[in-house]
Structures are given as structure tokens and as C-alpha cells.
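User: Hi! I have a new structure to look through with you. Could you help me get a feel for it?
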Amino acid sequence: MEDPNVEVRLKAAWALANVTDALVLGRNLQGEGDIPEDLLIRIGNVAHRASIDNDRVRSNGVRALGNLIRYLSSSVLSKNEFRAMVQTSIETLIKCASVGSNMKVRWNACYALGNAFHNNDVIDAFRSSCVGVFGSLSVLAKECKNFKVRINAAAVIAVPSDRIAYGESKQLASICENLLGGLENIQASMDFVEYQHRDNLVDQLCSTILHLVGILVISDVEAVEKVFVPFRQTLNLYLNRCILSNRAENKSVELIEGHKRAMFHISNLKVEHSTDDCVEPFFDKLLSYFTIDSVTD
């Protein structure tokens with residue numbers, strides 16, 4: 001990766017990304033491997049250099065970083081050298097995702113972050129950093145002109161299954177607000193080139209919103225419901241289109257199941273807290289926002 005010829009560095013970064021793909025695949029199939037820790041550090045350092053190199057090199061550099069972070073075990077993440085490397089890598093990835101004119105680098109960086117956050121140990125070890133990353137990604141999902149970047153940013157937000165990954169109620173509410181804003185501004189921010197990705201963006205934003213609603217805890221309900229109020233018509237419009245078109249075309253089972261899980265989760269929370277008159281109206285409003293017209297099972 002130190003060769004002055006960019007073509008050589010490009011091929012080296014591509015090879016490194018493929019090697020880290022194999023590491024992740026091997027761990028998924030066989031569990032934690034026995035790669036020497038000093039070699040993992042060297043891979044991380046080289047991947048980091050590639051991720052801040054020429055744009056053609058960076059796409060593979062960020063891919064390698066995401067793979068490496070996903071590969072690391074909890075025992076390794078407890079060590080200062082690895083913690084520093086992962087912290088720097090996360091900061092680099094969110095910068096690559098958020099800034100720059102090369103959209104391939106940006107959506108690859110988003111994808112790499114999603115890859116990294118499939119490692120639950122990373123979310124546990126870097127919780128405060130992850131909360132900030134999800135906030136930044138939600139802004140990206142709302143404001144980026146490139147729809148593929150927005151799709152990938154929204155998809156990363158839906159990776160964690162644990163509510164605690166999203167911080168306090170006000171932080172989760174802010175993430176939801178940005179995603180809802182992303183739905184509302186789709187028409188205004190769309191140019192002809194992005195039109196082919198419009199439906200996928202709508203599906204992903206709706207899917208991510210449903211994911212977040214499906215993991216709410218009681219302390220979140222009031223704050224989250226309030227941010228939905230200005231967007232309730234937009235949400236209902238797009239959600240109806242998504243669910244009904246996906247049912248009709250048998251396209252996205254995941255989106256339909258996500259809607260069922262969210263409705264079931266809110267209904268259950270309402271039953272569990274039925275004696276609390278203060279929160280019951282918020283449950284009713286949330287359920288009304290996610291009610292789909294003419295749905296038959």
C-alpha cells in the first residue's frame with residue numbers, strides 16, 4: 001500500500017478486502033480463528049491507509065475496515081491497542097460516508113459500517129460512539145442527494161437488535177425524526193438520475209422506521225410519538241404504498257414482517273401498561289400512524 005503507483009495500491013487494496021471477506025466468512029462458519037494479534041493490527045493499519053487514499057483505492061479500504069471490525073472478538077476488543085484501532089476506524093468510516101464527491105466510496109463506507117455493527121461486541125464496547133454514528137447516518141439518510149448512499153445509511157441504522165444501541169429516548173427520537181424527514185423530502189430532493197432508486201429508498205426508510213418502533217421501550221413512547229406527529233400523513237401514505245405494493249408483487253417479506261412486528265410490539269406495550277392513563281394516548285396515536293388500509297392476511 002506504500003507503492004507510488006496508484007494502480008498497484010488499487011490492486012493491493014482489492015486483494016486486502018478479499019482477504020478480510022474470507023476472514024469474516026471463516027469466522028461465521030467456524031467461529032473465532034487463530035489469526036495473530038499483531039497481524040490483525042497490521043491489517044487494520046493498512047486498511048486505514050487505504051481508506052484515506054485515492055478515491056479508487058478508498059472503496060476497497062473501507063470494505064476491508066468493515067470486515068476487520070466484524071471479525072474481531074470481545075477478548076481482542078478489550079485490549080487498548082485494538083480499541084484505539086477500532087475507534088479510529090469507526091471515525092474514518094463515518095467521515096468517508098458523510099463527506100466527498102465520490103458516491104461509490106460513500107455508500108461503500110455505509111455498507112462497511114453495517115458490516116462492522118453486525119459484531120455485537122463492537123456495539124457493546126463502543127456504545128457512545130455508535131450512538132453518535134447512528135445519529136450521523138440518520139442525517140445522511142435524510143439529506144444526501146445520492147439515493148444509494150441514503151439507502152445504505154438507513155440500512156445500517158436497522159442493524160442492531162438491542163434497543164440500548166440507540167442511546168437515550170431523545171437520541172432515538174432524533175433518529176426517527178431524521179428518517180421521517182427523509183421520507184418527506186424524497187420528491188423534493190430527487191433528480192432524474194436518482195429516480196431508479198426511489199422505491200428502494202422508500203422501502204428502506206419505512207423498514208428502518210418499523211425496526212426502531214419495534215424495539216421501543218416504555219420510556220421512549222412519548223418522545224418518539226411526538227416526532228411522528230408532523231409526518232403522520234407522509235408516513236401513512238408511503239407505508240400504505242410500500243406494504244400494499246410489496247404484498248401485491250410478493251417482493252419484500254422483510255418489510256411486511258417488520259410492520260407486523262412493530263404493530264404487535266406497540267400493542268403488547270399498550271396492554272402491559274394499560275393501567276397508566278398518561279401513556280395510553282401515545283400508544284393509540286402510534287398504532288394509528290402505522291395502520292394500513294385494506295390489508296388482508
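User: Let's start with Ser219: buried or exposed?
Analyst: Ser219 is exposed, because its relative accessible area is 54%. The cut-offs are under 20% relative accessible area for buried, over 50% for exposed, and partly exposed in between, using a 1.4 Å probe and protein chains only. A word on the source: this is a predicted model, in which local features need pLDDT of at least 70 and side-chain atom pairs count only at pLDDT 80 or more, while totals for chains, interfaces and linings use all residues. Residues are numbered from 1 along each chain as its sequence is written, and side-chain values use heavy atoms, with hydrogens and water left out.

User: Thanks. Where does Ser219 sit?
Analyst: Ser219 is in the loop between helix 12 and helix 13, the latter covering 221–228. Helices here are DSSP runs of H or I with at least four residues, strands are E runs of at least two, and both are numbered from the N terminus. Ser219 is 146 residues along the chain from Ser73, and their C-alpha atoms are separated by 32 Å.

User: How many helices and strands are there in the protein?
Analyst: The protein has 16 helices and 0 strands.

User: And the overall dimensions, what box do the C-alpha atoms fill?
Analyst: Along the principal axes, the C-alpha atoms fill a box of roughly 65 × 45 × 30 Å. The radius of gyration is 20 Å, which agrees with a compact globule, because one with 297 residues would have a value near 19 Å. That radius is taken over C-alpha atoms, and the globule rule is 2.2 Å times the number of residues to the power 0.38.

User: What share of the residues is buried?
Analyst: Of the 297 residues, 47% count as buried. The protein exposes about 14200 Å², with carbon and sulfur atoms supplying 51% of it. Those areas come from the Shrake-Rupley method with a 1.4 Å probe, and for residues only the protein chains shown count as cover.

User: On to the inside. Which residues have the most contacts in the largest nonpolar core?
Analyst: Leu72, Phe134, Leu137, Phe228 and Phe290 have the most contacts inside that core, which has 90 residues. A nonpolar core is a set of buried Ala, Val, Leu, Ile, Met, Phe, Trp, Tyr and Cys residues joined through side-chain atoms within 4.5 Å. In soluble globular proteins, nonpolar side chains tend to be buried together.

User: What does Phe290 touch?
Analyst: Not counting residues up to four places away in sequence, Phe290 touches Ile209, Leu210, Val213, Phe228, Leu235, Leu239, His259 and Met263. Contact means heavy atoms within 4.5 Å.

User: I'm curious about Phe82 too. Why does it count as buried?
Analyst: Phe82 counts as buried because its relative accessible area is 2%. Phe82 belongs to helix 5, residues 80–98. Beyond its neighbours within four places in sequence, Phe82 is in contact with Glu37, Leu40, Ile41, Leu72 and Val76. From C-alpha to C-alpha, Phe82 and Glu37 are 9.0 Å apart in space, though 45 residues apart in sequence.

User: Some polar residues next. Which helix holds Thr20?
Analyst: Thr20 is in helix 1, residues 6–30. Thr20 has a relative accessible area of 0%, so it is buried. Leaving out residues up to four places away in sequence, Thr20 touches Ile43, Arg63, Ala64 and Asn67.

User: And Asp203, buried or exposed?
Analyst: Asp203 counts as buried, because its relative accessibility is 17%. Asp203 is located in helix 12, residues 198–213. With neighbours within four places in sequence set aside, Asp203 is in contact with Cys242, Asn246 and Leu255.

User: Last one: what is Glu184 in contact with?
Analyst: Apart from neighbours within four places in sequence, Glu184 is in contact with Pro230, Phe231 and Thr234. Glu184 lies in helix 10, residues 169–184, and counts as partly exposed because its relative accessibility is 43%. Glu184 and Thr234 are 50 residues apart in sequence and 6.1 Å apart in space, C-alpha to C-alpha.
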